[in-house]
Amino acid sequence: MIKIKSPQQIEQMKAAGALSKAALRLAGTLCVPGATTLAIDTAVENYIRLHGAVPTFKGYGGFPGSVCASVNEQVVHGIPSPAVVLSEGDIVSIDTGATYQGWVGDNAWTFCVGKVSEQSRALCEVARDCLKAAIEQAVPGNRLGDIGAAVQELAEENGFGVVRDYVGHGVGRVMHEDPEVRNYGKRHRGVKLQVGMVIAIEPMITMGTYDCETLGNGWTVVTADRLPAAHYENTVAITADGPVILTTDEDGPWCSMEGGAR
């Protein structure tokens, strides 16, 4: 069942969104050669708790981390570890969630570690632009298929794949609510978007095949061909005035793609 939020509730959700964005921005500053994904996780958890919130991912379904840190061919749900050391040329997708005053903010970004290949940078830029194109479709009267089609069309016309096995979702007092928000589909199809819906739009774009596999840890999803993937996400409210990005802080809704930069 899709849960419609009142204007007052959407305003309340902005605080959780801002905190989650600030935590994501902090994570990005730490994505430098030699950093471990566990160090990034620890810094983000401390930051979220310092601000009176709870890391949404910690313990969710048994997930051990406060962030998902997915490097190169890892699409989503990378487990932070002291053994995963970032290297020059890596790309790393960081997904952060903060639960504050009963509401969830959920967002993700893919950061470049040092100088990356032209192919990896192009992948990240297109995936980021897919997110922007999808958000533009998040208006009352459109349908979920318009969001998915916007992602799929832009990714595929640039030669990239769109993950089918994992999707966006509704967001509210829990991280995953109805509806599913696919990153592929046909325009004018699917659930009609209504004022008061809040959804996480999160394109997962691959350099090669969109087929995925799950590693033996039961969490980490990788591309079947082991080519890189990029993941971008914002939490978005559908309003009469158009889409409102809730995961935005004083510096705005968009992070730098450069690891080490604010």
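How many bridges pair strand E7 with strand E9, and in which sense do the two strands run? Strand E7 covers residues 168–170, and strand E9 covers residues 198–201. They pair in the antiparallel sense, over two bridges. Within this pair, His169 stands opposite Ala200 in E9. The model described here is predicted.

**The five-stranded sheet**

E7 and E9 belong to an open sheet of five strands. The order is E8-E7-E9-E14-E15, and the pairing is antiparallel. Why do strands E8 and E15 each have one side without a neighbour in the sheet? Strand E8 (177–181) and strand E15 (242–245) stand at the edges. Each has a single partner strand, so one side of each is left free of a neighbour in the sheet. From one strand to the next, the twist averages 30°.

**Strands E4 and E5**

Another antiparallel pair is formed by strand E4 (residues 91–100) and strand E5. These two share 10 bridges. Val92 stands opposite Phe111 in E5. The strands form a hairpin with two residues between them. There, Gln101 takes a positive phi near 50°.

Is strand E5 buried or exposed? It spans residues 103–112, and 10 of its 10 residues are buried, so the strand is largely enclosed by the rest of the structure. Buried here means under 20% relative accessible area. Both faces of E5 are covered. One side carries Trp103, Gly105, Asn107, Trp109 and Phe111. The other carries Val104, Asp106, Ala108, Thr110 and Cys112.

**Two pockets**

Next come the pockets. Rolling a probe the size of a water molecule over the atoms shows where empty space is left. The table gives the volumes of the two pockets.

| Pocket | Volume |
|---|---|
| Largest pocket | about 370 Å³ |
| Second largest pocket | about 180 Å³ |

The largest pocket is lined by 20 residues. Which of them lie nearest its centre? They are His77, His169, Met175, His176 and Glu202. His169 is also the residue of the E7–E9 pair that stands opposite Ala200. By class, this lining has 10 nonpolar, five polar and five charged residues.

The second largest pocket has a lining that includes Leu144, Gly145 and Gly148. Glu180, Arg182, Tyr184, Gly185, Lys186, Arg189, Gly190 and Val191 also line it. Where does the largest share of this lining come from? Helix H4 (residues 144–157) supplies it, with three residues. By class, the lining of the second largest pocket has three nonpolar, four polar and four charged residues.

Methods:
Residues numbered from 1 in each chain as written. Predicted model: local features only at pLDDT ≥ 70, side-chain atom pairs only at ≥ 80, totals over all residues. Heavy atoms only, no water. Pairing = 2+ DSSP bridges. Helix = DSSP H or I, 4+ residues; strand = E, 2+ residues; numbered from the N terminus. Axes fitted to C-alpha atoms, helices over the stretch in contact; angles between N-to-C directions. 1 Å grid on protein atoms, 1.4 Å probe; cavity = no way out; pocket = protein on both sides within 12 Å on 5 of 7 lines; lining within 4 Å. Points joined across faces, edges and corners; volume = space filled by probe spheres on them. Nonpolar A, V, L, I, M, F, W, Y, C, P; charged D, E, K, R; others polar. Buried < 20%, exposed > 50% of the residue type's maximum accessible area, 1.4 Å probe, protein only.
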